[in-house]
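User: Hi! I am new to this structure and would like to learn how to read it. Could you walk me through it?

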Amino acid sequence: MTAEEIRELRQRRYNATVISLQRINPDLMILRVKPDFPRPPHQPGQYCTLGLGYWEPRVAGCQAETLAPGEETKVVRRAYSISCSILDATGELLRIEETDWLEFYIVLVRENPDGRVPALTPRLFALQEGDRLQMGERITGHYTLEPVRPTDTVIFLSTGTGEAPHNYMTWELLRRRHPGRIVSVCCVRYLRDLGYSAIHHELMKRYSNYTYLALATREPGITQKVYIQDLITSGALEERLGHPLDPANTHVFLCGNPKMIGVPTRDKQTGTTTYPSPTGVIEILEARGFQADVAAWKRKGNIHFEEYW
Ligand SMILES: Cc1cc2nc3c(=O)[nH]c(=O)nc-3n(C[C@H](O)[C@H](O)[C@H](O)COP(=O)(O)OP(=O)(O)OC[C@H]3O[C@@H](n4cnc5c(N)ncnc54)[C@H](O)[C@@H]3O)c2cc1C
């Protein structure tokens with residue numbers, strides 16, 4: 001494709017600008033994007049799409065990609081939760097209403113041996129501040145604080161960039177002066193994969209009802225891998241909480257890797273529920289009286305989840 005053709009496609013297909021790009025490590029970034037249109041109304045926890053043309057460059061070290069004929073002029077779009085840095089540069093709660101951008105927390109997927117070749121993240125990671133991209137004009141999603149009452153305990157459990165919507169929901173709870181306990185746990189491979197760690201530690205100093213816990217399964221020196229499921233079964237989560245997990249006044253939010261979440265299926269004929277293997281958080285919590293939201297069963301419970309793939 002010629003430089004002129006690329007310029008014309010970018011002009012026609014893009015509607016937003018990267019206004020800040022913070023690289024946490026080579027494979028992880030916090031991106032702020034300002035749309036050309038007024039920021040759509042939305043609730044913390046929701047998502048929109050980001051997109052880039054297949055004509056854009058990809059970072060080195062990713063799985064090779066073969067484009068189908070005609071694909072090079074198309075735009076690849078994926079869903080991204082809106083994230084939030086919670087505090088501003090002075091350490092006060094961000095005044096999001098005074099901003100005109102949206103924040104995203106994105107990991108580079110270098111390869112996918114079992115399925116489609118990752119198309120968007122190798123291109124997102126080639127972006128620089130000032131570059132243009134496509135942002136969906138609709139912010140949507142069911143994963144919000146809507147069911148949470150003021151006195152409820154709120155537990156956010158995530159893997160990797162799955163903490164993005166939790167950060168925005170945490171900001172909302174703190175802004176509302178939520179009196180209930182808020183616990184946020186994020187499980188990653190290495191401590192360097194925790195892009196918001198310093199902010200969470202600052203929040204713990206400022207808000208006595210807020211607890212953050214990081215689990216790093218492959219960090220050198222870790223003698224025992226602790227996953228989110230283990231944190232619950234061992235009683236360590238309740239220890240942090242200071243009281244038993246009570247389904248009557250607790251909402252649990254799960255976001256990220258589908259294996260951590262473990263969404264059950266139900267046999268239409270027999271009505272039997274089957275949980276996936278390895279055991280996910282939903283199975284563990286349902287055995288303790290919690291119930292997951294399942295749209296297909298028209299059931300709204302106190303476990304809410306967002307699977308990233
Ligand atoms: C509602 C929703 C919100 C999302 N929000 C975020 C977000 O805030 N941040 C974010 O990084 N991703 C998020 N994702 C995932 C995102 O949409 C893309 O799938 C991801 O960025 C990879 O894009 P890709 O085109 O490079 O590869 P894809 O073709 O989309 O994915 C290829 C494979 O990569 C793996 N994969 C996808 N996402 C991840 C991930 N986050 N971590 C590890 N492996 C992954 C899966 O095995 C997947 O099959 C979200 C997904 C959904 C459905």
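Analyst: Happy to help; we will go from the whole chain to its domains, sheets, ligand shell and a few local details. Please keep in mind that this is a predicted model.

User: Let's begin with the whole chain. How many helices and strands are there in the protein chain?

Analyst: The protein chain has eight helices and 13 strands. Its radius of gyration is 20 Å, close to the 19 Å that the globule rule gives for 309 residues, so the chain is as compact as a globular protein of that length. Along the principal axes, the C-alpha trace spans about 65 × 50 × 45 Å.

User: Which domains does the domain assignment give for the protein chain?

Analyst: The assignment gives domain 1, covering 3-135, and domain 2, covering 153-307. Their C-alpha centres lie 26 Å apart. Where the domains touch, 19 residues of domain 1 are in contact with 20 residues of domain 2.

User: Which strands supply at least two residues each to the side of domain 1 that touches domain 2?

Analyst: Those are strand 1 (16-25), strand 2 (28-35) and strand 5. Strand 5 gives the most, with three residues. Sorted by class, that side of domain 1 has 13 nonpolar and six polar residues, and no charged ones.

User: Now the sheets. How do I read the pairing of strands?

Analyst: The general idea is that strands of a sheet pair through backbone hydrogen bonds, either parallel or antiparallel. Here, one open sheet has six strands in the order 4-3-6-1-2-5, and its pairing is antiparallel. At its edges are strand 4 and strand 5, each of which pairs on one side only. On average, neighbouring strands of this sheet are turned by 40 degrees against each other, with direction ignored.

User: How many bridges join strand 3 to strand 6?

Analyst: Two bridges join strand 3 (residues 47-53) to strand 6 (residues 132-135), and these strands run antiparallel. You can find one of the partners by locating G51, whose bridge partner in strand 6 is Q134. Strand 6 also pairs with strand 1, in the antiparallel sense and over two bridges. There, T17 stands opposite R132 in strand 6.

User: What is the order of the strands in the five-stranded open sheet?

Analyst: That order is 9-8-7-10-13, and the pairing is parallel. The edge strands are strand 9 (210-216) and strand 13 (303-307), each pairing on one side only. In this sheet, neighbouring strands are turned by 10 degrees against each other on average, again ignoring direction. Strand 10 (residues 250-256) pairs with strand 13 in the parallel sense over five bridges. To follow that pairing by eye, start at F253, whose bridge partner in strand 13 is H304. Helix 4 (residues 197-206) packs on the sheet, touching strand 8 (182-188) and strand 9. The direction of helix 4 makes about 145 degrees with that of strand 9.

User: What about the ligand: how many residues surround it, and which are the closest?

Analyst: A good way to read a ligand site is to ask who lines it, and from which parts of the chain. In this model, 23 residues surround the ligand, and the closest are R78, P118, L120, T121 and T161. By class, the shell has 14 nonpolar, six polar and three charged residues. Domain 1 and domain 2 each give at least three residues to the shell. Strand 4 (75-81) and strand 5 (102-107) each supply at least two.

User: Finally, how do I spot unusual backbone geometry?

Analyst: As a general guide, most residues other than glycine have a negative phi, and most peptide bonds are trans. With that in mind, look at I86: it has a positive phi of about 65 degrees although it is not a glycine. I86 sits in the loop between strand 4 and strand 5.

User: And what kind of peptide bond joins S277 and P278?

Analyst: S277 and P278 are joined by a cis peptide bond, with omega about 0 degrees. You will find P278 in the loop between strand 12 (273-274) and helix 8 (281-286).

Note on methods. Residues are numbered from 1 along each chain as its sequence is written. This is a predicted model: local features need pLDDT of at least 70, side-chain atom pairs count only at pLDDT 80 or more; totals for chains, interfaces and linings use all residues. A residue is near a molecule or strand if its C-beta atom, placed from the backbone, lies within 6 Å of it. Helices (H or I, at least four residues) and strands (E, at least two) are DSSP runs, numbered from the N terminus. Ala, Val, Leu, Ile, Met, Phe, Trp, Tyr, Cys and Pro count as nonpolar, Asp, Glu, Lys and Arg as charged, and the others, Gly among them, as polar. Domain bounds come from an automatic or database domain assignment. Two residues are in contact if their C-beta atoms, placed from the backbone, lie within 7 Å. Two strands pair if DSSP finds at least two bridges between them. Axes are lines fitted to C-alpha atoms, for helices over the stretch in contact, and angles run from 0 to 180 degrees between N-to-C directions. The radius of gyration is taken over C-alpha atoms; the globule rule is 2.2 Å times the number of residues to the power 0.38.
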